[in-house]
Amino acid sequence: MAKAILIVFGPPGSGKDTQINLLLQKTGWKKISTGELLRAESVLKSKLGKQAKKCMDAGDLVLNKLLINLVIKKLKQKAKGFIFDGYPRNHGQLKDLLNMFKKYLKKSDKVLALLIDVSDKEVKQRLSQRRVCACGEVYHLKYNQPTSKNVCNICRKKLFIRDDDKPKIIAHRLKIYRKNNKPIFDYWRNIGKLIKINGEQSIDKIHKDLIIELRKNEILEK
Ligand code: AMP
């Protein structure tokens, strides 16, 4: 049976994780998240994990060549489909991925790239209103407020703003995101395999739009 490969992109704060989780539940496909794979290696304290941790702690990208075998190992697993999250993140990784597809996918497998589109203005607004707790709970001052102002509902600790959600850092993250992804989007657009979904809608509406597009592109059965 043909496999489905969906490569998901979206700026920070686009709701990409939420949409990926909804899709995983619906399809039973497997996720390939390089961030998660690297964190797991880092916890294991493998040679690769130790190398990667330094870059991750500094907020830098991990070297492309360190990622290839991690991704291949996942891609070789048995699955009806895969959702790529956080990979490829630059032009070199796109080239690596296309080589992997040549080697490990069949001609009949269906590959599609998905962009959850959110404007810089909206991203800045969303992230600047995000508040987190040391226990891991995440709030939003508009969409998911804590019951008492600035206090976690679960553990009652004081909420704070993540360092990388501060305005200057958000602007920097967005600049890098746009610059690194441009050639990647251009590639998928030029071969007619980029679908763009308006990410400035409710979670439910985005999910529905997404399903319609996946069916239209015959990557998901009707
Ligand atoms: P994420 O969970 O996707 O935000 O990734 C967390 C961190 O892992 C990033 O800040 C990078 O340091 C590293 N990372 C994840 N995916 C990649 C990738 N495709 N290329 C390089 N570094 C990555």
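## Exercises on a predicted model

Lys31 and Glu36 form a salt bridge in which the closest N and O atoms are 2.8 Å apart. The model is predicted, and the exercises below work through its salt bridges, ligand site, core and backbone.

### Exercise 1. Salt bridges

Task: Classify the Lys31–Glu36 pair and the Lys53–Asp57 pair by distance, and state the exposure of Glu36, Lys53 and Asp57.

Solution.

Step 1. The cut-off for a salt bridge is 4 Å between a side-chain nitrogen of Lys or Arg and a carboxyl oxygen of Asp or Glu. For Lys31 and Glu36 the closest N and O atoms are 2.8 Å apart, and the pair is a salt bridge.

Step 2. Glu36 has a relative accessible area of 42%. Partly exposed covers the range between the buried limit, under 20%, and the exposed limit, over 50%, so Glu36 is partly exposed.

Step 3. The side chains of Lys53 and Asp57 also meet in a salt bridge, with 2.7 Å from N to O. Both residues belong to helix H3 (residues 47-57) and stand four residues apart, which means that about one helical turn separates them.

Step 4. Lys53, at 40% relative accessibility, is partly exposed. Asp57 reaches 57% and counts as exposed.

### Exercise 2. A bridge between distant parts of the sequence

Task: Find which elements Lys110 and Glu218 belong to, and describe the backbone of Glu218.

Solution.

Step 1. Lys110 and Glu218 form a salt bridge, the closest N and O atoms being 3.8 Å apart.

Step 2. Lys110 is in strand S4 (residues 110-117) and Glu218 is in the segment after helix H8 (203-216), so the bridge ties together parts that are 108 residues apart in sequence.

Step 3. Lys110 is partly exposed at 32% relative accessible area, whereas Glu218 is exposed at 56%.

Step 4. Phi of Glu218 is near 55°, a positive value in a residue other than glycine. Most residues other than glycine have a negative phi.

Step 5. For the total, the count of salt bridges comes to 14. Arg130, Asp165 and Arg173 are linked in a network of such bridges.

### Exercise 3. The ligand site

Task: Describe the shell around the ligand by its residues, its polar contacts and the area it covers.

Solution.

Step 1. The ligand is surrounded by 13 residues, of which Thr34, Arg39, Asp60, Gly86 and Gln93 are the closest.

Step 2. By class, the shell holds six nonpolar, four polar and three charged residues.

Step 3. By element, helix H2 (residues 34-44) gives the most to the shell, with four residues.

Step 4. Three N or O pairs can be listed:

- a polar side-chain atom of Thr34 is 2.8 Å from a nitrogen atom of the ligand;
- a backbone N or O atom of Asp60 is 2.6 Å from an oxygen atom of the ligand;
- a backbone N or O atom of Val62 is 3.0 Å from a nitrogen atom of the ligand.

Step 5. The ligand taken alone exposes 480 Å², and the protein buries 80% of that.

### Exercise 4. The largest nonpolar core

Task: State the number of residues in the largest nonpolar core and the element that gives the most to it.

Solution.

Step 1. The largest nonpolar core has 32 residues. Ile5, Ile7, Phe9, Leu75, Phe84, Phe101 and Trp188 touch the most other members.

Step 2. Elements that each supply at least two residues include strand S1 (4-9), helix H4 (64-75), strand S3 (81-85), helix H5 (91-104) and helix H7 (167-190).

Step 3. H4 gives the most, with six residues.

Step 4. Strand S1 also holds Leu6. Leu6 has a relative accessible area of 0% and is therefore buried. The C-alpha atoms of Leu6 and Arg39 are separated by 22 Å, the two residues being 33 apart along the chain.

### Exercise 5. Backbone geometry in two loops

Task: Identify the form of the peptide bond from Tyr87 to Pro88 and the sign of phi at Asn150.

Solution.

Step 1. The peptide bond from Tyr87 to Pro88 has omega near 0° and is cis. Most peptide bonds are trans.

Step 2. Pro88 is placed in the loop between S3 and H5.

Step 3. Asn150, a residue other than glycine, has a positive phi, near 65°.

Step 4. The loop between strand S6 (138-140) and H7 contains Asn150. With a relative accessible area of 32%, Asn150 is partly exposed.

Note on methods:
Residues are numbered from 1 along each chain as its sequence is written. This is a predicted model: local features need pLDDT of at least 70, side-chain atom pairs count only at pLDDT 80 or more; totals for chains, interfaces and linings use all residues. Side-chain values use heavy atoms; hydrogens and water are left out. A residue is near a molecule or strand if one of its heavy atoms lies within 4 Å of it. A polar contact is a pair of N or O atoms within 3.5 Å; within protein, one must be able to donate a hydrogen and the other to accept it, and residues adjacent in sequence count only if both atoms are side-chain atoms. Accessible areas come from the Shrake-Rupley method with a 1.4 Å probe; for residues, only the protein chains shown count as cover. Ala, Val, Leu, Ile, Met, Phe, Trp, Tyr, Cys and Pro count as nonpolar, Asp, Glu, Lys and Arg as charged, and the others, Gly among them, as polar. Buried means under 20% relative accessible area, exposed over 50%, partly exposed in between (1.4 Å probe, protein chains only). A nonpolar core is a set of buried Ala, Val, Leu, Ile, Met, Phe, Trp, Tyr and Cys residues joined through side-chain atoms within 4.5 Å.
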